[in-house]
Amino acid sequence: MTKNTLIKIVSLIIMVISFIAFISGAGAFPINTENDQVLPWSVWFTISVLVNMVLWYPVMKLVSFSLGVIWFYAFVAALVPNTSTATGDVTSLDWSDPDAVAEIGLTIFNTKGQCSACHTLDTSAPKGRCPDLTDIGLNAASRVPGMGAKEYLIESLYDPGKYLVPGYGKIMPEVWKNPIALTKVEIEAVVAFLQSLGGDIDPEPFTEPIDRAEIGTTAAALPPLLSGDPEAGKKVFISAACISCHEISGLENPNAGEASDDFEVVTAPDLSEIAAFNELRYIEESILLPHAQIVSGYGKVTVTANGITYQGTLVSQDNEQIVVKVKADDGTETEHTILLSELDEEPIEELDNLKGRGYLTLTVTPLDADAPISGEIVEETTESVTLKVGDSTQTVSKDAVKQRFRGIMDADGEEVIGELISGDMDSEEIVIMVDGTEETFDPFFDFTPDSTMFILGSGKKLYVTSPMPDNFPFLLKVVDQADLLAYLSTLTGSTTTEETQSAEASEDTGDTNEEVAE
């Protein structure tokens, strides 16, 4: 064996070994163990490639050149810092660069967190199923009185149902539970991203408001109470006139364009993907309790502002105003923007379930006060209600407020309003404080029938209802309800698309057969 051949073989062996060592990330090869001198595998590989390109035959030169090109790209890639945020689960965050943490949060927002499926980040974008999050880093600080922006964002991710943005229902899942199952580190990144939208990022670590070990991260998947036949449910969807208002991709309305004497045909949510974004219990509740949760932009409202009553569809709502679309007798529709501050206060006879009945504000006079207090309803229990009064909050016991009386005098039609001192409509007399003077009245003879009212307070009200008929659940048999639910549970988007393509294919086949027959 010649010296030249031996060099070629050794050089080839070094090239292969150094290439494999470099790709696998092996440590550098020592050239002098005493002085701890090392030579990187990239250098060994470069030398061996150059030697092979000079000494070997054309075929081996081509092999050497190919390996050299592959090594070059691997070498350049190794020099580029690993800044990718889409490398799977995030296990740690480098808070020395908060903007980089926010970028990681954006990636989670759009991927594992599935937030972008419902939330938008552009006020000009079509309205999503959940609130737009433009400038949420700034606006979060004013959502709940006494709660900072970061605290609010954390609560929204761990317990999204605790505070609902006006106009939106309780549809957001707890993202730390399955199937999304974000880790604490991932939630920290998402919070940082949300803070960056109009606000400043606070890198201070927080303690999770839940105990994962005790509670567990598996969301309780409640099965539907009913089960039925999807094909039969499709027929119910048509026969029960659901299709008159709701659209489903690939399903035609046989009565399209026809008016109904039994109900008003309105624009209702498209149900083509209803099962892809909602649990079966939510779909079932929408059938049995249509007013429980209403999709934003589809609710019906009746409000009075500045003495004018508006009845129509609630297009949008925020903390300052609402937009109501009113349909005239000739079919024309007009949108009215109404400030919440312009809503007229309505008298309240009972203080139970105020928020459930749509009250936004409350004005009451506590028993130990001479003047009434008024504010936005922040929180409510069966015993008390908390109001935002100015920059602070005040909790009032529902059993400790002064009662007022209002009635129309039978003699001259004059309205009497004042604080009730004693008596009721079954008493021989009632005593009322009117303009600082106690006056006694006979409740039976002094007031016109049905004009009297015992008032505990007043408030601005925005009660949103579903356009679905109140008696809809009673119009269907139990078996029809079960079949309808079974059909809706199949609507994940892909199913309806496949059905449409299958139907089109069948039509094409039918047309072809007709042509052949002709």
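The following conversation asks how some descriptions of this predicted model are justified.

Visitor: What makes helix H6 largely enclosed by the rest of the structure?

Guide: Helix H6 covers residues 149–158, and nine of its 10 residues are buried, so the rest of the structure largely encloses it. Among those buried residues are Ala-149, Lys-150, Glu-155 and Tyr-158. In the protein as a whole, which has 518 residues, 34% count as buried.

Visitor: Why is Cys-118 called buried?

Guide: The relative accessible area of Cys-118 is 15%, and because the term applies to anything under 20%, Cys-118 is counted as buried.

Visitor: How do you know that Cys-118 is not bonded to Cys-130?

Guide: The closest cysteine sulfur to that of Cys-118 belongs to Cys-130 and lies 4.4 Å away, whereas a disulfide requires two cysteine sulfur atoms within 2.5 Å, so the separation is too far for a bond. Cys-242 is likewise in no disulfide, its nearest cysteine sulfur being that of Cys-245, 8.8 Å away. The structure as a whole holds zero disulfides.

Visitor: Why does Cys-242 count as buried?

Guide: Its relative accessibility is 11%, and since buried means under 20%, Cys-242 falls in that class.

Visitor: What share of the contacts with a separation of 6 or more joins residues 24 or more positions apart?

Guide: Such pairs account for 54% of those contacts in the protein, whose secondary structure consists of 14 helices and 17 strands.

Visitor: Which atoms supply 54% of the area that the protein exposes?

Guide: Carbon and sulfur atoms supply that share of an exposed area of about 30,300 Å².

Conventions:
Residues are numbered from 1 along each chain as its sequence is written. This is a predicted model: local features need pLDDT of at least 70, side-chain atom pairs count only at pLDDT 80 or more; totals for chains, interfaces and linings use all residues. Side-chain values use heavy atoms; hydrogens and water are left out. Helices (H or I, at least four residues) and strands (E, at least two) are DSSP runs, numbered from the N terminus. Buried means under 20% relative accessible area, exposed over 50%, partly exposed in between (1.4 Å probe, protein chains only). Contact means heavy atoms within 4.5 Å. Accessible areas come from the Shrake-Rupley method with a 1.4 Å probe; for residues, only the protein chains shown count as cover.
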